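Student: I would like to work through this model with you, one question at a time. Could we begin with the charged side chains and then move on to the sheet and its helices?

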Amino acid sequence: MTIAADAKELQHDIVRLRHDLHREPEIGLQLPRTQEKVLKALDGLPYEITLGKDTTSVTAVLRGGAVYASAEKPVVLLRADMDGLPVRETTGVDYTSRIDGAMHACGHDLHTSMLAGAATLLAERRDKLAGDVVLMFQPGEEGFDGASYMINEGVLDAAGRRADTAYGMHVFSSLEPHGQFVTKNGVMLSSSDGLVVTVLGAGGHGSAPHSAKDPVTAAAEMVTALQVMITRQFNMFDPVVLTVGVLHAGTKRNVIPETARIEATIRTFSEESRQKMMDVVPKLLQGIAAAHGLEVDVDYQQEYPLTINDEDETTTAEKVIAGMFGESRLTRMATPLSGSEDFSRVLAEVPGTFVGLSAVAPGTDHATSPFNHSPYATFDDGVLTDGAALYAELAVSRIAALAAN
């Protein structure tokens with residue numbers, strides 16, 4: 001039987017695990033209940049398992065038993081993130097989150113269950129594998145940089161040598177029709193940085209602003225100036241996105257506060273623009289503050305780098321997808337997405353690719369469906385076996401190609 005057919009036989013188990021994970025989402029780097037569920041799914045399979053020291057990560061290595069012709073035994077890494085989000089679920093599904101204020105709103109429960117399903121598919125083919133497979137079950141993707149923790153603890157070398165290639169997958173609750181796989185060579189996702197600005201003034205009475213140093217008006221000018229600066233200093237064909245999500249000051253309408261606070265997210269699509277933003281943003285804000293006789297504290301926080309797919313590995317993934325599911329199931333993105341991923345850290349070390357998969361419910365309008373991170377975002381179980389099969393087939397086919405060289 002093919003891997004896709006065998007995956008269908010596992011549908012009940014994969015769906016059950018996904019629902020169990022969805023009911024008990026955990027946030028951040030410490031996911032003990034999630035880790036327990038993953039270990040249970042791997043129990044009895046011939047994997048060498050290592051648990052994270054600083055996180056609840058799970059690294060599982062499958063040693064292939066077939067003879068290989070290459071100079072070194074091939075190694076392929078497959079990654080799934082496991083953490084949820086601080087979102088109160090309002091989907092109404094019968095496996096809705098039981099944890100108040102937490103939800104698998106980005107589909108990581110699907111990623112984890114698909115990779116667990118792939119673990120079984122690969123274990124069944126162990127004797128025919130002329131290489132090793134590393135499964136990377138990662139916590140803390142949602143802003144906690146869990147990939148860095150796992151890399152620092154050796155996940156890329158878990159098989160005894162550096163992985164030859166790495167594959168990751170991410171489901172969408174919108175954008176594309178149900179079951180559509182999405183690829184893109186080169187930059188697929190933007191980099192992500194954070195900006196925290198504190199404008200330092202001097203409080204006073206609202207009726208006498210001349211006797212105080214008002215940080216509110218300066219902060220308002222900063223918000224507008226940041227947007228204008230982007231349109232005047234950056235090429236429109238290499239876009240920059242800066243969105244202010246927090247603007248806070250004051251306690252009462254007739255009191256001039258001591259400080260005002262701005263928090264923003266910054267997305268760039270080239271390393272050149274990213275470095276330029278790090279230089280020009282503090283200068284702009286400091287200049288505005290000085291013009292108002294104020295001081296400003298600018299904290300520019302580097303977060304996730306660009307997610308850059310390797311050309312050869314992307315072509316490999318596209319051929320596998322087309323061969324398994326047909327060319328009609330494959331969409332090649334024309335432009336990157338402005339979301340960000342810490343799988344970018346893996347791809348910076350190992351050639352590989354990141355594949356999207358639409359989990360929009362069949363018959364649903366993908367153009368208007370709530371997108372990932374929404375409390376209304378739903379992800380269809382129907383894509384689970386296809387995702388598990390793709391994970392497994394990518395490892396099997398890539399190891400075979402590497403072993404033959």
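Tutor: Let us start from the criterion: a salt bridge is a side-chain nitrogen of Lys or Arg within 4 Å of a carboxyl oxygen of Asp or Glu. Please keep in mind that the model is predicted.

Student: With which residue does E263 form a salt bridge?

Tutor: E263 is partly exposed, because its relative accessible area is 27%, and its partner also counts as partly exposed, at 34% relative accessibility. The closest N and O atoms of the pair are 2.7 Å apart, and the cut-off for a salt bridge is 4 Å. The partner of E263 is R261.

Student: Which residue stands opposite R261 of strand 12?

Tutor: Strand 12, covering residues 259-268, runs antiparallel to strand 8, covering residues 191-200, and ten bridges join the two. The residue that stands opposite R261 is T198.

Student: Which strands are the edge strands of the open sheet with the order 10-12-8-13?

Tutor: The open sheet has four strands with antiparallel pairing, in the order 10-12-8-13. An edge strand pairs on one side only, and this holds for strand 10 (240-249) and strand 13 (295-304). Neighbouring strands of this sheet are turned against each other by 15° on average, direction ignored. The edge strands are therefore, with pairing taken as at least two bridges found by DSSP, strand 10 and strand 13.

Student: At about what angle does helix 7 run to strand 13?

Tutor: Helix 7 lies across strand 8, strand 10, strand 12 and strand 13. Its angle is given between N-to-C directions, on a scale from 0 to 180 degrees. For helix 7 and strand 13 the angle is about 165°.

Student: Is A289 buried or exposed?

Tutor: A289 lies in helix 7, which spans residues 271-291, and beyond its neighbours within four places in sequence it is in contact with M222, L294, E295 and V296. Buried means under 20% relative accessible area. Because the relative accessibility of A289 is 1%, A289 counts as buried.

Student: How many residues apart in sequence are the parts that the pair of R88 and D100 ties together?

Tutor: The side chains of R88 and D100 meet in a salt bridge, at 2.2 Å from N to O. R88 and D100 each lie in the loop between strand 3 (75-81) and helix 4 (108-123), so the distance in sequence between the parts tied together is twelve residues.

How values were computed. Residues numbered from 1 in each chain as written. Predicted model: local features only at pLDDT ≥ 70, side-chain atom pairs only at ≥ 80, totals over all residues. Heavy atoms only, no water. Buried < 20%, exposed > 50% of the residue type's maximum accessible area, 1.4 Å probe, protein only. Contact = heavy atoms within 4.5 Å.
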